[in-house]
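Me: I've got a new model open and I'd like to learn how to read its strands and its pockets. Can you walk me through it?

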Amino acid sequence: MISSKRKTDECFDDQPPRKRTATIAVTEILNTNEDQVNEQNGKDMDFKQQSSDMRESFVHGQYDKAIQQSSALADKLNTMLIKTIKFRMNVWKKKGDLVQQLRDAEILIETAPKDPIGYISAAYVFFMRGQQKQVIHITKEGMKNIPKTDSNYEMLSKQYTAAYLRSSRCIDFLGQLPYDLCCKIANYLPLTTHVSCLKVSRTWRDRVLNHPVIWRKCFTFDSVPGNEREMKIAYQVLPQVTRFVEKLELDHRFSATRFEKYIELLGSANFSSLKALHITTGHKWTNKCDIALSSIGDTLEEFTFRSLSGHKVIPSLYQILTTCRKLTSIGYYCSSNTAQFMFVPPSLPHVTLLERIELVCTSPSSIEGTEVSGLFKQSPHLRALYVQGFRDSSLLRSLNQWNPSQLIYLNINGENILGSVSNTMKNIEPNTRGLRHLVVHQNSFNTAVKPFLEKHQNTIQQLELVHDRRLGEELETERATDWGFLSNLTMSNLNELHIDALFLPHIDLYIPELLQHSPKLHTLHLKNCNRPGITKEFLESISDQISKFTLSNCALVDETATVQALKRLKRLHSFSIVDCKGTTDSILHAVGNISTLTEVEIGCGYNTKVTRPGMQACIDRLSRQKNLIQINFDSFCKTVFLDPDMFKIFRDNNSDVCYLVFTHCSGIYEDELYQVLPPGIEVIIN
């Protein structure tokens, strides 16, 4: 019995010395003899005489004859076009250019849908790329258009069979992998996939349905079109395993009926092990939802509610807290229409067990800190707080008043970093005390954040300050002076500092001294620092211990000082310079000479002074670095246009780089890059 691998190789493996019969057949079909084409050209290319005959027939009123002559000439031209495309397609194949070969194959299929050569050539390209589904599709189309009596029909059939065998190689992972590993894989799959596993075989059904680990996490979605049948089966299966479910995620944005069914099930079935519930919905909260929440309130430890619509009927934060009194983590996301439901009065009747709180209003500046002061007052165990959409600094004053001594992570109006909060908390020891991570987005918070920073200056490890609101020139200058207290802080444990000074001038008045008073600082991110910019004094204050340095949309005032600073940073392993005004060839020359780099990002927008030769020289130097793993190219303008030829140097220098990442770079195509790069370098285009 011939194995599927051998059948596959018979159709496509053209590597010597084991050439296959099928490959020889394909080669004979595709290899058009150039001499024959030239001979045919000599016979059929007397277009001038034939055109003259057509015009003469037309002038003498012999219209039928003119039509016959023009039709005959059109047929000859079409025949020559097809032969020329075949010839050029074969040349691209010999040259190894799969992209151009596929383009000609597609043209041939469109021009001559009854010709099998286009289908065979396209299938060959797809197979070489490992795209078996495309091979199956194109060969099916070819066999549909080509008669079975055609000599090449068998070749199409072999290509189809080979691709089908490769794509259908499946592994019984329940039978061959360790069962605990299978359960971990299953935890990442949605409920509909679990249901599909039940239909594979009786063995799979018994092992999947009766194992509690597989059903600990269940995810239901209705946002994928065409899965109505699977969701219906999932709803029928879920009651059989509810006693195993520890985490349930209901993501129902469109179907109100399906959302109501799952809510009814939540209120009636035995979810005795349920500890975490995440609801994302675009529908209003009903009495059935209240009943469901009450039925699981005694065991629930983690609850997240996201309202995605303008419905004004959602559960209030106060209702959730009074119903589920064992919660240690809560996430509450609402819109401006429902911001009033976030109100928690100071008279909250019980002390909560909350360790993590995430409060997000999608409309900015919709909530006052005093509206949730009762929550902070009754949450003495709070360790992580992420809020977004708060309009003033009363939130900080409330926190300062109730002084949650366990607070470690505080993010006010920052990015939606739900996953980052979880990851941060996982990396912190349970007995850690003192604020470690502080993120503040809004420059009007300076008076309220000052006592926080002064109180926790010896424990903060990560500090992010973003001034993202325009205040007017006079007020901005005054605000910059107000932030001067930063220069008096001694942050002995600060590891990371992120500054975004878009609407705040004169950061050179206080940031350099803060850097000098932070001996453990190893990560520095500067963004929108352009009034006056990154000065010589600023650069001299940066410690030699910095290992990660980012400059984004900043103004580099002193070219010489910037070059000297880059030469001085001997421990720098990650550096990013993107769209910084004043970036020159000399600065990129210094970047290319940093031998300690493992990752670098370069972006040259219209604000830079970089030339194309300067960029080429920088790429040349980076290709020679032995420690460099990844290079990121971001937002290149037309004056510093990147093209694949600039990266041939990686092959010439036998570069050790593993990844090249391109973001918003026009003129860069994956297939063209792989033709000039050495094996082992992966290209990622965003």
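Reply: Sure, we'll take strand pairing and then a pocket, bearing in mind that this is a predicted model.

Me: Let's begin with E3 and E4: do they pair in the parallel or antiparallel sense, and over how many bridges?
Reply: Two strands count as paired if there are at least two bridges between them. Here E3 (residues 276–281) and E4 (residues 302–307) have six, and the sense is parallel. To find the register on screen, pick isoleucine 279 and look across to phenylalanine 305 in E4, its bridge partner.

Me: Which helix does the chain pass through from E3 to E4, and is the crossover right-handed or left-handed?
Reply: The route goes through H16 (residues 287–296), and this β-α-β crossover is right-handed.

Me: And how many bridges does E4 make with E5?
Reply: Five, again in the parallel sense, with E5 covering residues 329–334. Try glutamate 302 as your landmark this time: serine 329 in E5 is its bridge partner.

Me: Now the second largest pocket: what is its volume, and which residues lie nearest its centre?
Reply: The volume is about 360 Å³. Of the 15 lining residues, Glu464, His498, His525, Lys527 and Thr550 lie nearest the centre.

Me: Which elements give two or more residues to that lining?
Reply: Four strands do: E10 (462–466), E11 (496–500), E12 (523–527) and E13 (548–552). E11 gives the most, with four residues.

Me: How does the lining split by class?
Reply: Seven residues are polar, five are charged and three are nonpolar.

How values were computed
Residues are numbered from 1 along each chain as its sequence is written. This is a predicted model: local features need pLDDT of at least 70, side-chain atom pairs count only at pLDDT 80 or more; totals for chains, interfaces and linings use all residues. Side-chain values use heavy atoms; hydrogens and water are left out. A crossover is right-handed if, with the strands pointing away from the viewer, the path from the first strand over the helix to the second runs clockwise. On a 1 Å grid over the protein atoms alone, a cavity is a set of points where a 1.4 Å probe fits but cannot get out, and a pocket is an open set with protein on both sides within 12 Å along at least five of seven lines; lining residues have an atom within 4 Å of a point. Grid points are joined across faces, edges and corners, and a volume is the space filled by probe spheres set on the points. Ala, Val, Leu, Ile, Met, Phe, Trp, Tyr, Cys and Pro count as nonpolar, Asp, Glu, Lys and Arg as charged, and the others, Gly among them, as polar.
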